[in-house]
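Reader: I would like to learn how to read the empty spaces, the backbone and the cores of a protein model. Could you take me through them one by one?

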Amino acid sequence: MHKELLIKMDHNESAYALLEDSVLVEVQFERNSCRRLAGNIYKGRVENVLPGMQAAFINIGLDKNSFLYVDDIPAPDSDLPHNIDSLVKRGQEILVQISKEPMGSKGARVTAQPSLPGRYLVLMPKQSHLAISRRIEEDAERGRLRQLLQGLLPPGMGAIIRTVAQGVEQKELAADLHLLLKQWKRILNKAAKTPGPCLIHRDIDLLQRLIRDTRAGDIDRILTDTPETLAKMQEMTEDLAPDLKAKLVMANTDDLFRHYQIEEQIDKALRRKIWLKSGGYIIIDQIEALTVIDVNTGKYVGSKDLGETMLTTNLEAVGEISRQLRLRNIGGIIIVDFIDMDDPVSRRQLLSALEEELKKDRTRVTLLGMTQLGLIEMTRKKTGQGLSLAREKECPYCKGRGRVLSEETMPDNEETVLNNKE
């Protein structure tokens, strides 16, 4: 499979698109005027402590107070109970990191156990355990990496060894850890000198995160369309991922996204109904914390029997569902209603195919299996805005429902109509 990253930058917006065999599978945009907040570290002030919810609201200087749950606060060294009212007090200043972006009427969710991602490691200054990416599957490699890092970590600190660390030597891990420890020291020094609420540390931007988190073996080419963008990307790779520098290519076009028809592919991805090549289709409906996907045979009638028709449609839908999750950046709970199949062999084949497709996703997806009703349950980690939120706004007439009153139902009185709109 040929994988290409398209990078586009201007004074207003940065964007990347990931293509697999010329098909768009991931796209993200970040406007300079509204960069993402997740990963930022703030010095906040406790506004309210709610023992009934075992949580506190923290003022970090945003429009809405952030939400801090008791399990996101480090356990005290003493024998004090791990209750919210024994851990934080109203008016107290506390260092927190945004773990979930504000959404709708909800403020950001924050944690008092911050983490600092690097190229090979994620440093956890207030946790003492060592973890390894589940994508590193070989036991020998996991053991090797664990042994290399154990002697490097300061007492009381922990880390996660990232997938990109597979095969690296101790000196590379040590250099990455050294940079993260220096970064953490700067954060503590600034927090000690600055009264809250205020921003202490801003996470790196979209393209820097992309370069930092991409393995050289996972990409064939990184294309840009201006000399200025190429120079910027060369600087980024030099600092964050030198092994990617050789992958940079200047494209022979003045508009990379137009040349690869990215906008047209995005337009299709924003539709509720997605057609499959066979004539079947999937329907995708999203609400705030839940996405429901329905699979239908549509125009496809098969060639042998009903069982073969259902299995063929379901297997084709698997690939498109996996792609749509990545392309739309869907997070939260996901329910898939495949065409019901009574044959247990076909069900196992379907689950196995879905597991394989989900392995392509760089965002963590947990497949929970099939319910008694034949529904597939899974969760996908939320990482920034979904494609719909980034590219669309709520309709002022239907308020996001996607439906309006029919002509027969609409009042005849124009004044009444205007009042209803208000």
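Author: Gladly! Let us begin with a term: a cavity is a set of grid points where a 1.4 Å probe fits but cannot get out. Please keep in mind that this is a predicted model.

Reader: What is the idea behind using a probe, and how many cavities of 30 Å³ or more does the search find?

Author: Rolling a probe the size of a water molecule over the atoms shows where empty space is left. In this structure, the search turns up two cavities of 30 Å³ or more. The largest cavity has a volume of about 50 Å³, while the second largest holds about 40 Å³.

Reader: Which residues line the largest cavity?

Author: Its lining is made of F338, I339, D340, M341, R347, L350, M370 and G374. Sorted by class, that gives five nonpolar, one polar and two charged residues.

Reader: And what does the lining of the second largest cavity look like by class?

Author: Here there are two nonpolar, one polar and seven charged residues. The lining residues are E30, R35, R36, A38, N40, R202, D203, I204, D205 and R209.

Reader: Let us turn to open spaces. How much space lies in the second largest pocket, and which residues lie nearest its centre?

Author: A pocket, unlike a cavity, is an open set of points. The second largest pocket has about 760 Å³ of space. Its lining counts 26 residues, and V23, W275, K277, E320 and R323 are those nearest the centre.

Reader: Which element gives the most to that lining?

Author: Helix 8 does, with seven residues. At least two residues each come from strand 3, helix 7 (262–269), strand 16 (273–275) and helix 8 (306–328). By class, the lining of this pocket has seven nonpolar, six polar and 13 charged residues.

Reader: Now the backbone, please. What should I look for?

Author: Most residues other than glycine have a negative phi, and most peptide bonds are trans. Exceptions are worth a look in the viewer. One of them is the cis peptide bond that joins G196 and P197, with omega at about 0°. P197 sits in the loop between helix 3 (170–193) and strand 13 (198–201).

Reader: Where does S22 lie, and what is its phi?

Author: S22 has a positive phi of about 70° although it is not a glycine. You will find S22 in the loop between strand 2 (13–20) and strand 3 (23–31). S22 counts as partly exposed because its relative accessibility is 48%, and that class runs from 20% to 50%. Q54 also has a positive phi, near 50°, without being glycine; Q54 lies in the loop between strand 4 (41–50) and strand 5 (55–59).

Reader: Finally, how do I read a nonpolar core?

Author: In soluble globular proteins, nonpolar side chains tend to be buried together. The largest nonpolar core here has 27 residues, and L121, L123, L149, I161 and L173 have the most contacts inside it. Strand 10 (121–124), strand 11 (130–132), helix 2 (139–150), strand 12 (158–161), helix 3 and strand 13 each supply at least two residues of this core. Helix 3 gives the largest share, six residues.

Reader: What is L121 in contact with, beyond its neighbours within four places in sequence?

Author: L121 is in contact with L116, L149, I160, I161, R162, L173, D176, L177 and L180, with those sequence neighbours left aside. Apart from the largest core lies another, of 24 residues, including I274, L276, L325 and F338.

How values were computed. Residues numbered from 1 in each chain as written. Predicted model: local features only at pLDDT ≥ 70, side-chain atom pairs only at ≥ 80, totals over all residues. Heavy atoms only, no water. 1 Å grid on protein atoms, 1.4 Å probe; cavity = no way out; pocket = protein on both sides within 12 Å on 5 of 7 lines; lining within 4 Å. Points joined across faces, edges and corners; volume = space filled by probe spheres on them. Nonpolar A, V, L, I, M, F, W, Y, C, P; charged D, E, K, R; others polar. Helix = DSSP H or I, 4+ residues; strand = E, 2+ residues; numbered from the N terminus. Buried < 20%, exposed > 50% of the residue type's maximum accessible area, 1.4 Å probe, protein only. Core = buried A, V, L, I, M, F, W, Y, C linked by side-chain atoms within 4.5 Å. Contact = heavy atoms within 4.5 Å.
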